[in-house]
Each structure stands twice: as structure tokens, then as C-alpha cells.
Amino acid sequence: MTWDFRTEPEFEEKLEWIRWFRAERVEPLDLLYPGRAFHPLDDETGPVVRALKQQVRDQGLWAPHLGPELGGRGFGQVKLALINEILGASSWAPVIFGTAAPDTGNAEIIARYGTEEQKERYLQPLLEGECFSCFSMTEPHAGSDPTMFTTRAVRDGDEWVITGRKYFSSNARTSRFVIVMAVTNPDVSAYKGMSMFLVPSDTPGVRVERHVGTLGEDPEEGMHALISYDGVRVPADALLGGEGQAFAIAQTRLGGGRVHHAMRVVGQCNKALDMMAERAVSRETQGSRLGDKQLVQADLADSYAQLAQFRLFVLYTAWQIDQYNDYKRVKKDIAAIKFLTPKVLHDIVYRSMHLHGALGVSNEMPFADMWTGAAVMAVVDGPTEVHKITVAREVLRGREAAPGLWPTQHLPTRREWARKQLEDM
């Protein structure tokens, strides 16, 4: 089967507009308001951000991951991948385009599993960019291993009572509501005994023990949190989807998101490669440009080839999702791009940063956040090791052991077979 990543001319024009808009209108926010993309708008940022969001809406590009029934364009994964490749070079761009995590994934699962009342209360404000949301799944002692989760939700009449602790709950600092995964039936498999709940952030008993930042962030600026749920009572209709559906919902949420993460990393790596090439032709040492040094040329070549291969693999994965509309069928390649993402980002950013010398490790260049992002990408949405196991299991699925003592491609055995084939002709 062949595959084709081409899009119609009208969409190519949209991509050109996105490139221009990101570079000329959104990137100024990255420079003037770094680290504030997920903070509530104030008198300074509000007018600018709202005006930019409106321009995106006027182009029909707001929240492009959503279907037409929710105000999106119904773009497939290939088109979304091409959009996210452009947005990935800017920290503010996903917010301006309504594609920022975890809100995108949260919106998708509410749209798919939520009741009409839940959609009106929680989904509509997200789609309109009026609020932020939090995804609260992992636990301090268990990471992302659902078989070790202990946070419980117990039915009490017309209410559910949630008790437990969640770690690294994303976007907790500024969220209006939290999606919490909790065990509702401890007597069955974790994959069938957990449920998800929509919980307003100001519900009594929801207590942020401390905010958590990523590498280099001040603790008081961290956007994630260690949260205690101390007997949090929510009504029965706070259940998202059916009881016991949490794992299926989580997988739905993460499948497309991993493609989007990967293509945003492609955008960051393109930026790092551009900086590397510029440095190579701008800086001279020991009588020639850096770009004339063979070791620098090797790094440039490795970076280009690594990025080109990765980009095509991600697009191929997106194309498969569009073709089959079945994340399970594509899970091997989704897992593969997930564990490749941090490796590609680390390698290319490091080479570019190193080529800039002392300037590269200073706070006058953007490498610190980019390189830190590689470590983050290795653990979000499941650690690298888990995804490698998934790929290995899928590769081995259906394989059969050699029928005899020797491998099927054992040359002496094959030659004997070949002689018999010719004798029988």
C-alpha cells in the first residue's frame, strides 16, 4: 500500500498563513511574556491574546482538532500534524490556536463521553478559550501504572466520595475543573475497575499540597501539582462516561495527542537545526567557518537525516490513523514515535546548543527550555520504557518459533532446500 501526505491547495494556503501568523504575531508573546501562556489573562495580556484568538477564529482554524459539530473543521490527523509542526516552534501558539495540552485531550474526551449537561458546563468554556482544565491521573507512589492506583471513589447515595492523592496533575494551578481517575471497583482488573470524574477545582476537599514545576522552574511558578482529594463529594452525574471506563477513555485521549506532541517536537527541531546552520555559516574559528569543519558537518548531516526520518514516520502514523480510524490498529507506531520523540529532540537541540559554545548554555538563547523539554517528553503520556515494551510485543505478535534446530534463514539448510528445488524442476 502506498501513502500520500499531500493536501489540497486551499489547505496549503492555510499552512502558509499559520507560518506567517506564528512568526509575526504569536512569537512576540514568547519573548515578552515567557512562561505565562497558561496563566489567566490580565489587563496586559488579555486584549492582545483575545485579539489574536479572534484572528485565528476568523481563519476557521480555532481548535482544529475538533469535529464540525463542536466548531472545528474536522481535520484528519495528517492535517493536524502539519499544523502542529508549525505551532511547535512557539510556546504561546497552542494557546492562541486552542490546541494546548491538556485542554485538547480533555475537550476530546468530554465531547465523546460527556452528557449534554457536562458538555455545556465544561466543554463549551474550553472550546471558547475561557478557562483551563487539569488532568489528574498519576499518583506519587505509582507514576502512570494504573494497576497501582489507590485513589478511591465510593458511591454514597446520590454522590461519589473521592479520596486519595494525585501527583503531577497537569495545569492544576490555573484550572477551573479537574478530570480525576479513581478506582471504583477494587475487585476487578484495574483496566475495568476505574472511572473518571469531572470535579470543579474549588470543590471542598480538593487541596493542592504543593505546586510542581519542571526542570529550572521556580516552585512557585510550577503549573502542575500534588493534589489531595480529602473526601471530595461530587454528584452522581459527575461521572464521565460509564463506570469502569476510565482506562478506555484515557487511551482515547492519548492516542492522537502523542502524534500532536511528536509533530510539535518536529517544529522545535526544525528551529534548532536552523539555528545550528546559521551558526555554522556565521562563526569563524582557526581560519575557517564552523561549517567548514568536518565534525560540524557531521553533526549537521546527522541532525538533518534524523529529523527527516522522524518527520516522515510521524506523518505516516498520522496517515494510518486517518485511513483506519482505529487507534488500536496503529498503536505500535504511535508507541514508536512516542519513545523516539525525546531522543530526536535531545540529540538535535544538544548539537545546536553545543555549536553555540558558551552562548548556547547562556540565558540569552532559547536552548534551555528546548533541551529540558526532551526530558519531559520522555515521561509524559507514559514513560519511554513502557512504549518500547508495547512496540516489542506488537513486533513479536503472531511470530512463530523456528520449526527445527536451525533458524529458517540458516544458509546450509537453505542451500539443501535450494538443491532439492532445482532437482524437482
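**Notes on cavities, a buried serine and the nonpolar cores**

1. Let me start with helix 3, which gives the largest share of the lining of the second largest cavity, 4 residues. This is a predicted model, so please read every point below as a description of a prediction. The cavity in question encloses about 70 Å³ of space.

2. Who else surrounds that space? Helix 3 (77-87) and helix 7 (246-282) each supply at least two residues of the lining. The full set of lining residues is Pro64, His65, Leu80, Ile83, Asn84, Leu87, Thr99, Thr104, His260 and Arg264. By character, the lining of this second largest cavity divides into 4 nonpolar, 5 polar and 1 charged.

3. The structure holds 2 cavities of 30 Å³ or more, and the largest has about 190 Å³ of space. It is lined by 18 residues, of which Trp62, Gly98, Asp103, Leu126 and Gly129 are the closest to its centre. Helix 4 (93-96), helix 5 (103-113) and helix 6 (116-127) are the elements that give two or more residues to this lining.

4. Within the lining of the largest cavity, helix 5 has the largest share, with 3 residues. The lining of the largest cavity comprises 11 nonpolar, 5 polar and 2 charged residues.

5. A residue worth a look is Ser90, in the loop between helix 3 and helix 4. Is Ser90 buried or exposed? Its relative accessible area is 5%, so Ser90 counts as buried, the cut-off being under 20%. A polar atom of the Ser90 side chain lies 3.1 Å from the backbone nitrogen of Ala93. Leaving aside neighbours within four places in sequence, Ser90 is in contact with Arg22, Val26, Glu27 and Asp30.

6. Trp92 also deserves your attention. Not counting residues up to four places away in sequence, Trp92 touches Val26, Leu29, Asp30, Tyr33, Arg36, Ala37 and Val49. Val26 and Asp30 are thus named among the contacts of Trp92 and among those of Ser90.

7. Which residues touch the most other members of the largest nonpolar core? They are Ile18, Trp92, Ile96, Phe97, Ile179 and Met196, out of 91 residues in that core. Helix 7 gives the most to this core, with 14 residues. A second, separate core has 18 residues, including Ala153, Val178, Phe197 and Val199.

8. A last pointer for your viewing session: helix 7 supplies at least two residues of the lining of the second largest cavity, and helix 7 is also the element that gives the most to the largest nonpolar core.

Technical notes. Residues numbered from 1 in each chain as written. Predicted model: local features only at pLDDT ≥ 70, side-chain atom pairs only at ≥ 80, totals over all residues. Heavy atoms only, no water. 1 Å grid on protein atoms, 1.4 Å probe; cavity = no way out; pocket = protein on both sides within 12 Å on 5 of 7 lines; lining within 4 Å. Points joined across faces, edges and corners; volume = space filled by probe spheres on them. Nonpolar A, V, L, I, M, F, W, Y, C, P; charged D, E, K, R; others polar. Buried < 20%, exposed > 50% of the residue type's maximum accessible area, 1.4 Å probe, protein only. Polar contact = N/O pair within 3.5 Å; in protein donor to acceptor, adjacent residues only side chain to side chain. Contact = heavy atoms within 4.5 Å. Core = buried A, V, L, I, M, F, W, Y, C linked by side-chain atoms within 4.5 Å.
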